[in-house]
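Thanks for coming, everyone. Before I begin, please bring the sequence and the structure up in front of you, so that you can follow along as I talk.

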Amino acid sequence: MSKDIIKPENLVYRRTPVLTKNTMHYCPGCGHGTTHRIVAEVIEEMGIQEQTIGIAPVGCAVLAYNYFEVDMQEAAHGRAPALATAVKRLKPDFFVFSYQGDGDLAAIGTAETIHACNRGENITMIFINNGIYGMTGGQMAPTTLEDMKTATSPYGRDIAMMGNPLKITEIVAQLPGTCYVTRQAVYTPALVRKCKRAIRQAFENQKENKGVSFVEVVSNCNSGWKMTPVAANQWLEENMLAFYPLGDLKVSK
Amino acid sequence: MAKGAIVIEIERCKGCGVCIPACPNKVIALSKKVNSKGYNYLEVQNDSCIGCANCAIVCPDGVITVYRAK
Ligand SMILES: Cc1ncc(C[n+]2csc(CCOP(=O)(O)OP(=O)(O)O)c2C)c(N)n1
Ligand code: SF4
Ligand code: SF4
Ligand code: SF4
Ligand SMILES: [Mg+2]
């Protein structure tokens with residue numbers, strides 16, 4: 001029966017050719033993979049594969065250049081917005097996006113994040129917030145929630161001792177150089193569709209030279225959180241979204 | 001009668017299972033068998049697929065191709 005249906009004219013979804021054929025090294029169920037896929041789908045749908053340059057971070061997405069079938073540059077830890085600034089200024093007709101985790105963007109790279117957003121560079125910044133340093137074994141990040149257990153906060157994050165979780169997205173939304181700031185997630189089909197529309201908007205804005213478009217994706221780290229992928233998505237919904245609510249923080253005309 | 005069909009790239013599947021709750025018709029489940037990497041891969045367990053593509057849209061690894069009869 002399915003043989004009658006599996007015909008080219010009935011195709012409704014296939015893996016985008018803007019991803020390479022490489023199997024991504026991410027853990028099973030990791031939101032990095034989903035976010036890569038929808039960024040690549042946006043690039044395909046806009047027809048800008050030859051005019052797009054991506055900037056990879058340090059963190060689990062350090063090998064992003066192996067997965068996007070576009071030109072990529074690898075930044076030093078936290079410096080993706082600075083490198084994106086340089087690339088965009090040298091090639092203003094190109095679409096330039098940075099892709100960073102929370103340790104990269106909101107800890108070691110805080111200065112680069114804030115200053116690129118304050119200068120209003122005409123770039124798209126994709127920010128994967130999983131509340132942890134995934135790559136290095138699950139250490140506490142600035143974004144780690146209160147009471148959340150990590151390798152370096154084994155009894156949970158104690159605010160009095162370890163400080164408050166950082167809402168960097170709320171901070172960059174205050175800066176005059178950002179034109180579009182939004183917080184999304186990718187753990188259900190509806191949320192993936194919505195997040196993809198946000199990423200599309202964030203790339204479209206580059207055509208109008210509006211400044212930084214900043215898309216946070218609240219994501220899972222099932223390895224760091226020590227949960228199955230499905231349980232991690234549930235935990236994300238119940239805990240991460242209470243502190244990091246989804247929706248647009250800033251949409252400039 | 002099935003209106004949709006999916007093709008699963010077994011070797012790319014990591015058996016994470018995040019696609020399973022996304023399916024409105026309980027079409028998909030993890031196999032007892034494993035692929036060459038040792039993951040229990042996704043398989044189709046009945047013919048009530050409607051070709052909605054929900055499973056493919058949440059799959060982090062782009063494992064699933066979806067077809068829908070016109
Ligand atoms: C200068 C420098 N300091 C520290 C490290 C170690 N290090 C590698 S990745 C990382 C943080 C990764 O966390 P995040 O950006 O949240 O990415 P994730 O893996 O969670 O996606 C750190 C501290 C490094 N590689 N270089
Ligand atoms: S360690 Fe966490 S962020 Fe890194 S690939 Fe695994 S699940 Fe994803
Ligand atoms: S296409 Fe829709 S109905 Fe078919 S298996 Fe996927 S989620 Fe289920
Ligand atoms: S979401 Fe993708 S990788 Fe995970 S079980 Fe389903 S098909 Fe396999
Ligand atoms: Mg992280």
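The largest pocket has a volume of about 390 Å³, and I should say at once that this is a predicted model, in which local features need pLDDT of at least 70 and side-chain atom pairs count only at pLDDT 80 or more, while totals for chains, interfaces and linings use all residues. Residues are numbered from 1 along each chain as its sequence is written, chains are lettered from A and ligands numbered from 1 in the order in which they are written, and side-chain values use heavy atoms, with hydrogens and water left out.

A pocket here is an open set of points, on a 1 Å grid over the protein atoms alone, where a 1.4 Å probe fits, with protein on both sides within 12 Å along at least five of seven lines, and lining residues have an atom within 4 Å of a point. Grid points are joined across faces, edges and corners, and the volume is the space filled by probe spheres set on the points.

Which residues are closest to the centre of the largest pocket? Of the 29 that line it, they are A:G59, A:C60, A:Y133, A:G134 and A:M135. The elements that give two or more residues to this lining are α4, β6 and α9 (222–225) of chain A, where helices (H or I, at least four residues) and strands (E, at least two) are DSSP runs, numbered from the N terminus. By class, the lining has 12 nonpolar, 15 polar and 2 charged residues, counting Ala, Val, Leu, Ile, Met, Phe, Trp, Tyr, Cys and Pro as nonpolar, Asp, Glu, Lys and Arg as charged, and the others, Gly among them, as polar.

The second largest pocket holds about 190 Å³ of space, and its lining includes A:Y187, A:E237, B:V18 and B:P21. Helix α10 (residues 229–243) of chain A gives the most to this lining, with 4 residues.

Let me turn to the magnesium ion, ligand 5. Its protein donors are A:D102 (OD), A:N130 (OD1) and A:I132 (O), at 2.0 to 2.2 Å from the ion; donors are N, O and S atoms within 2.8 Å of the metal (3.2 Å for Na, K and Ca), and sites may look incomplete, since water is not among the atoms. A:D102 in helix α4 (residues 102–108) and A:I132 in strand β6 (residues 132–133) lie 30 residues apart, a pair that links distant parts of chain A. Both A:D102 and A:I132 are buried, that is, under 20% relative accessible area, with exposed meaning over 50% and partly exposed in between (1.4 Å probe, protein chains only).

Next come the salt bridges, each a side-chain nitrogen of Lys or Arg within 4 Å of a carboxyl oxygen of Asp or Glu, of which the structure holds 14 over all chains. In one of them, A:R183 pairs with A:E170, with the closest N and O atoms 2.6 Å apart. This pair links strand β8 (residues 178–185) to helix α7 (residues 168–173). Is A:R183 buried or exposed? A:R183 counts as buried because its relative accessibility is 1%, whereas A:E170, at 24%, is partly exposed.

In chain B, B:E9 forms a salt bridge with B:R12, the closest N and O atoms being 3.3 Å apart.
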